[in-house]
Number of protein chains: 2
Amino acid sequence: MTHEESYAQLLKTIHTVYDLLSAASLMAWDQRVLMPPAAAEARGEALATLTEIAQQHFTSDTMGELLESLREYEESLPFDSDEASIIRVTRRDYEKEKIYPPEFEAEFSRAQIIGYQAWIEAREAQDFSKFLPSLTRIVDLRREQIAIYKAAHPGIADDYDVLLDDFEPFLSAVEVDEVFDRLKAATIPLVQQVVEHAGKVDASFTEGHFPQAKLDELSRRVATQLGVTTERWRLDPTVHPFASAIALDDIRLTTNFDEGQVHSSYFSTMHEFGHGLYESNVGRGLARTGLQRGASMAWHESQSRMWENLIGRGRPHWDWAMPVMRDVFPGEFDSITPEQMYRAVNKLGPSFIRTEADELTYNLHIILRYELERDIFADRVALADLPEAWNSKMREYFGLDVPNDTIGVMQDVHWGAGLFGYFPTYSLGNVVSLQLWQRVRQELPELDSQIASGDTTDLAEWLRENIHQYGRKFTPKELLQRVLGVEKFDPEPLIGYLTAKVNELYG
Amino acid sequence: MTHEESYAQLLKTIHTVYDLLSAASLMAWDQRVLMPPAAAEARGEALATLTEIAQQHFTSDTMGELLESLREYEESLPFDSDEASIIRVTRRDYEKEKIYPPEFEAEFSRAQIIGYQAWIEAREAQDFSKFLPSLTRIVDLRREQIAIYKAAHPGIADDYDVLLDDFEPFLSAVEVDEVFDRLKAATIPLVQQVVEHAGKVDASFTEGHFPQAKLDELSRRVATQLGVTTERWRLDPTVHPFASAIALDDIRLTTNFDEGQVHSSYFSTMHEFGHGLYESNVGRGLARTGLQRGASMAWHESQSRMWENLIGRGRPHWDWAMPVMRDVFPGEFDSITPEQMYRAVNKLGPSFIRTEADELTYNLHIILRYELERDIFADRVALADLPEAWNSKMREYFGLDVPNDTIGVMQDVHWGAGLFGYFPTYSLGNVVSLQLWQRVRQELPELDSQIASGDTTDLAEWLRENIHQYGRKFTPKELLQRVLGVEKFDPEPLIGYLTAKVNELYG
């Protein structure tokens, strides 16, 4: 076979895997948005089948041989060409997948399903001890995974690095420690400042009764303004919002509606739009490959947070958005100025639940979880003692006494589903979003006035040109280097931004 | 391996194939109901991948060896047991699939896509000559398929039997000829009688402007009354209505809305409900196998036609339905009696378009197409002469002059998509529905009064018990024998029913 023939064959296998996983994505979207509930068991079985068959094709010997035979071809092409990138990234994924025996994967999938069920039941009973056995099994399997990984990659410094690699490749726990220690040290006093001046921000007018149909209209108004079209996008209601790219031209956002407050679905839509825009802008040469995604979880989250927080919770946006709100809710907000609304949507303060936390305290919630994960895998805390460790940190960071484990250590689905190493990417996303924002503001000096008039086309084009089009071509750090010329995640821009906001609103 | 182990392995492969095809069904449903239109090309590619992978698993050598090794086990079990039936029917499907080379299947799929496109374009241009080349290619490939099939099954009497077998297995064209000749001879004079007394039925009050939201409410009211629950079913709008069982507990009906007339979506919903009910009632022991479907197209259509025509267009139904219509459209139908509405929904008369035809003329549309298909594959008509042959039959059967080929020979998607042998199953469905109806009425003497009060639970249970639970366990004729104790499709009950209706309404 010529190189071109081998490459064509490689691409065919990659497309097959992509199509199978795309069908699985659609099945998952459908399940969360509109599937009749009685179909849950059959859907679970079908999803398991599809991912297993995709896995078989992806880790086949043919795949390995093709990737091997294409080394020379890859080296003859520019590093950032579509072809070289597809070979390089696919080989990396292949080598990573290949080390885990299929039985291990099956066992882990089973443990995830059992863990999820146990988590549901333990939450209902407000009883951590019901969750503990399956959590223990999950953690044991993660340790087993770490052992398999380390046998294949002898140079691993820290066990936690292996967990991180599934979500934020090529990042070490030591680097995360450094970012989070600085962020934590800066955040705790800001939270205290907010608590001391809590009365300074009034958000009472954002609460009341807002019918779902109106909230939906508001979400659609902002989504359409940002560039969502029915030609390529969908926007649907669900319980836990998410974004899903079923294909490059099939981007689906979901929103949940809380009729008690006017902004929850609004910001959720902007957040998911950030994820959706990223994947909608990946270059067509990467379509139907494993590169038709974001560079990493942190990079993805940097985009959702940018639209939700840096635009949506910024002052200029409300010059455009306030008239829209008045239009959707006639008479309701006539006396509220953009400035008042800006302050209201930036109300800060400690709370128990991560997903409802504000921009400032959110990172503390993440750091708390990250520290506990580090302790678990460094054998510094026993799983049975997690609730106590959790509650003690909640007291230390937020000054809050956790009344029960359901809104404490068992509030998130992640651990029951085996997702250790995932949490830090949320705050790293915030970190990256501010690193990018500094650069964006330099390069687009008219940005504030554009946003104030509802025009984000220059910003979207900048993001497409500098980040989105590359999909998963580059590692997170290669992309940092390419876009910003820096080597590291740096928390200082985020700290500066949060400090300024707290001083402005709670000074 | 023990028999039990072989069977377990067989079942695992069958489940894999089912899950892949279930994902494909969901992709197809999604495409027709809510997919962003720009995703059409990617969706086509993904669907092709899924069906190809499913095909590979289904026709694998392992599958053949397992089926072979299970002959003894199969014979040790009762013929109608789930296990024996799954082995028997799967082997039959396997042997049939296996004879076609993958290249042939791929070539045929390509020709179908090209044929569909050409059909669309030729319709727009009202120019049959634009459709002719790809139609010729499709017919040539069908002839090739017939040759492959006949080489594997030397005893085939008539080429058309091979086409039939894809939709109505084990039925010969000679048998269809006999049924249709009698049906045609009885129908043509009835159509003449209707034309002569056309003024006798007034349906003018069923036309006007009926908002889609109201029509949707009406559809949901009747569907819920018949047994549709949100737990296991969905009901969505689309352009061309269909029913789809994504899984045994995931039954999806679709309806299209014509705001100009009050009944179009209503009957469409009842029709698709009949299809959906069939698949929702298949026994759980057949779940995730190729037997979790109806016995054949004719059997499937017998169910949809029963709910649409024998219940929906029957006199008793309107005692229940008329108050519901008045409730959904306040003031609109206050002066219309159930008897008047019953007559209106049974207005008959010749028309150009099959899908809009009434109960009586529908079968003539089918017979016309069937006769032309017979002529094509017996070399009695050249494809270039199809329009003329079509128009001449339209004159003979309906007294209508076809103004152009778009509402003539090119009105249906079937031929462009290669579906020869499909049309007759529609009218055979009508035939079977009346054969069944005779038996049902004997066994459920209270049926009319039950229907009049909106209670169809006894009927649904009778259908489940006698037909639906078996899924595709039995051949169409085995099922006829089992349910009715007869060997053949018999048009007499249908002819008697149509004659009585015409005499009642147009006497």
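## A walk from the axis to a helix pair

Start by selecting B:A23: of the residues of chain B, its C-alpha comes closest to the rotation axis, at 3.1 Å. You're looking at a predicted model, where local features need pLDDT of at least 70, side-chain atom pairs count only at pLDDT 80 or more, and totals for chains, interfaces and linings use all residues. Residues are numbered from 1 along each chain as its sequence is written, and chains are lettered from A in the order in which they are written.

Now show both chains. Turning chain B by 180 degrees, with 0.0 Å of shift along the axis, superposes it on chain A with an RMSD of 0.1 Å (a least-squares fit on C-alpha atoms of residues with pLDDT of at least 70 in both copies). The two copies are thus related as by a two-fold rotation axis.

Next, pick chain A alone. Chain A has 21 helices and three strands (DSSP runs, H or I of at least four residues for helices and E of at least two for strands, numbered from the N terminus).

Then select residues 264-280 and 297-311 of chain A, which are α11 and α12: their axes come within 7 Å and cross at roughly 140 degrees (lines fitted to C-alpha atoms over the stretch in contact, with angles from 0 to 180 degrees between N-to-C directions). α11(A) and α12(A) are therefore oblique to each other (neither under 35, nor over 145, nor 65 to 115 degrees).

Finally, show side chains here. Among the residues making the contact (heavy atoms within 4.5 Å) are A:F267 and A:M270 of α11(A), and A:W299 and A:W307 of α12(A).

How values were computed
Heavy atoms only, no water.
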